[in-house]
Amino acid sequence: MAKSFVDSKIQVGKVTVFLKPSCPFCVRAEGLLKKYNFLPGHLQIIDISRHELMSDIQDYLLQLTGERTVPRIFIGEKCVGGCSNVTELEKSGQLQPMIQEIGALQ
């Protein structure tokens, strides 16, 4: 069930962030991504903290990405990692082109 939940959220033309709002790294990553001018619905913030399958979701993220921690950030169908990874992509100038490439920006 966790697999189908996660797989249904990860989509080719969207940026998907699995997070817990109480996590400072999640808050930082969400804030960084919200600086970009996304097309409506192309930035998906998925709060797993209240989901009854939270632990199972994190276990599946571990299988899928090699990491169980949140945030887990997907640009299209590719996991780019967590907060520090997205911060590095932004600092190096790679983040915006990656998001543009999937057609998620206005």
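## A tour from Arg72 outward

Start by selecting Arg72 and Thr69 in this predicted model: a polar atom of the Arg72 side chain sits 2.8 Å from the backbone oxygen of Thr69.

Stay with Arg72 for a moment. Is this residue buried or exposed? Arg72 is buried, yet it has no salt bridge. Show Glu67 as well, since it carries the nearest side chain of opposite charge, 4.7 Å away; a salt bridge here would need a side-chain nitrogen of Arg within 4 Å of a carboxyl oxygen of Glu.

Now display what surrounds Arg72. Beyond its neighbours within four places in sequence, the residues in contact with Arg72 include Thr16, Val17 and Phe18, along with Leu61, Thr65 and Cys79. Gly81 and Gly82 are also among the contacts.

Next, move to the strand. Arg72 belongs to S3, so colour residues 72-75 and then residues 15-19, which form S1. These two strands pair in the antiparallel sense over 4 bridges. For a landmark, pick Thr16 and find Phe74 of S3 opposite.

Zoom out to the sheet. In which order do the strands lie? The order is S2-S1-S3-S4, in an open sheet of 4 strands with mixed pairing. Select 43-47 (S2) and 78-81 (S4) to see the edges: each has a single partner strand, so one side of each lacks a neighbour in the sheet. On average, neighbouring strands are turned by 25° against each other, direction ignored.

Finish with the helices. H1 (residues 2-9) packs on the sheet, where it touches S1 and S2, and its direction makes about 140° with that of S1. H2 (residues 24-33) lies across S1, S2 and S3 and runs at about 160° to S1.

Terms used:
Residues are numbered from 1 along each chain as its sequence is written. This is a predicted model: local features need pLDDT of at least 70, side-chain atom pairs count only at pLDDT 80 or more; totals for chains, interfaces and linings use all residues. Side-chain values use heavy atoms; hydrogens and water are left out. Two strands pair if DSSP finds at least two bridges between them. Axes are lines fitted to C-alpha atoms, for helices over the stretch in contact, and angles run from 0 to 180 degrees between N-to-C directions. Contact means heavy atoms within 4.5 Å. Buried means under 20% relative accessible area, exposed over 50%, partly exposed in between (1.4 Å probe, protein chains only). Lys and Arg count as positive and Asp and Glu as negative; His and the chain ends are not counted. A polar contact is a pair of N or O atoms within 3.5 Å; within protein, one must be able to donate a hydrogen and the other to accept it, and residues adjacent in sequence count only if both atoms are side-chain atoms.
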